[in-house]
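Please open the model in your viewer, with side chains ready to be switched on, and follow the stops below in order.

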Amino acid sequence: EGRGGQEKGSPALAAAQAADSDRKMRVVEVALVPGGATRPVTDANKDEYVALCLRHKLRQVSCSAAAAATRAGVGELISLDLLRVFTAPELACLLGGEADISVQDWREHTTYGGGYCRASDQVKWLWRLIDRLGPDERTLLLKFTTGSSRMPVGGFAMLQGMGGVQWFNVMRVPAERHRSNARAPRGGGGGGGRGGGSGEDDDVYALPTSATCFNTLRLPEYPTFEVLERQVTTALRHGCEGFAFG
């Protein structure tokens, strides 16, 4: 709607309020609807005005050179006709994965190695801890072990590793103890990893590490649930952005 008079001190229902400045910093007024220049903004039509402003902004973005370049680049990889069958939320899910983490799905699509199995105490303690974690902490654990904070479409059954589909894996490693002033081994295993040894006690257990390219959590054989909980949560708080080979 275009610029017009004012009503009870309200700003005019003006295109100037929805218009952008060009590169010469000149304000360009655009009529949002025919005859808008004569209609003031009132309490009765303010929702309409906001909707028209948003539509104007969206049209500017969708018709911009940047948007055209983006469409052209995506079109070189995949036909745009194939993308039109998806809604915006569906496409976002395909690109970014699913945000909601199902612990049951996670548990059902996990393998174990190094001597661990479903019946191992440390495995039971790990799932007990995961059940206790909040959504943000579960996201940190997923990122710590896979490098991604979201599940793929299809859930953990479709979790991707270096060689394709590779389920989440919990690997047993010895529960080494380190003096607090000594550096502990860090994760990697050829696939990049995170973790290390840390603590304020004179003698502490090493933190868990991960091989993100193989979706593997190297979980030391901690002696109690309390030790496992402390070491795993410490790794999540302080080790999610680390990377090392070893």
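Begin by selecting Trp127, which counts as buried at 3% relative accessibility, where buried means under 20% relative accessible area, exposed over 50% and partly exposed in between, with a 1.4 Å probe and protein chains only. Before going further, note that this is a predicted model, in which local features need pLDDT of at least 70 and side-chain atom pairs count only at pLDDT 80 or more, while totals for chains, interfaces and linings use all residues. Residues are numbered from 1 along each chain as its sequence is written, and side-chain values use heavy atoms, with hydrogens and water left out.

**The aromatic pairs**

Add Trp106 to the selection; this residue is also buried, with a relative accessible area of 0%. A search of the whole structure finds four aromatic pairs, a pair being two rings of Phe, Tyr or Trp (its six-membered ring) with centres within 6.5 Å, called stacked if the planes are under 30 degrees apart, edge-to-face if over 60 and tilted for the rest. The rings of Trp106 and Trp127 have centres 6.1 Å apart and planes at 85°, so this pair is edge-to-face. The pair links distant parts of the chain, since Trp106 belongs to helix α5 (residues 103-108) and Trp127 to helix α6 (residues 121-132), 21 residues apart. Helices (H or I, at least four residues) and strands (E, at least two) are DSSP runs numbered from the N terminus. Now show Phe156 and Phe168 as well, and you will have the cluster that ring pairs form from Trp106, Trp127, Phe156 and Phe168.

Turn next to Trp106 and Trp127 for comparison with another aromatic pair: Tyr205 and Tyr222 are edge-to-face, at 6.1 Å centre to centre and with 90° between the planes. Tyr205 lies in strand β7 (residues 203-205) and Tyr222 in the loop between β9 and α8 (225-238), so the pair ties together parts that are 17 residues apart in sequence. Both Tyr205 and Tyr222 are buried.

**Charges over rings**

Keep Tyr205 in view and select Arg177, which lies over the face of that ring at 4.4 Å from the ring centre. For a charge to sit over a ring, NZ of Lys or CZ of Arg must be within 6 Å of the ring centre and within 35 degrees of the ring normal. Then select Arg128, whose charged end sits over the ring of Phe225, 3.9 Å from its centre.

**Helix α7**

Select residues 135-146, which make up helix α7; at 1.5 Å a residue its twelve residues should span 16 Å, and the end C-alpha atoms are 16 Å apart, which agrees. The expected span is 1.5 Å times one less than the number of residues. Colour the buried residues of α7, which are Arg138, Leu141, Leu142, Phe144, Thr145 and Thr146. Looking down the axis of α7, you should find these buried residues within an arc of 170°, so they line one face of the helix; the arc is that of the directions from the helix axis to the C-beta atoms. Just after α7, stop at Gly147, where phi is positive at about 85°.

Within this helix, centre on Leu142, which counts as buried at 1% relative accessibility. Leaving aside neighbours within four places in sequence, Leu142 is in contact (heavy atoms within 4.5 Å) with residues including Ile101, Trp106, Met151 and Phe156.

**From Leu142 to Asn215**

Where does the path from Leu142 lead, 73 residues apart in sequence? It leads to Asn215, at 8.9 Å from Leu142, C-alpha to C-alpha. Asn215 lies in the loop between β8 (209-211) and β9 (216-220), is buried with a relative accessible area of 0%, and has a phi near 55°, a positive value in a residue other than glycine.

**Leu94 and the cysteines**

Select Leu94 in helix α4 (residues 88-96); is this residue buried or partly exposed? At 44% relative accessibility, Leu94 counts as partly exposed. Leu94 touches Phe86 and Val153, not counting residues up to four places away in sequence.

Finally, show Cys117 and Cys213, which count as partly exposed at 39% and 26% relative accessibility. The count of disulfides, each a pair of cysteine sulfur atoms within 2.5 Å, comes to zero.

**The whole chain**

Zoom out to the protein chain, with its eight helices and nine strands. Of its 246 residues, 37% count as buried.
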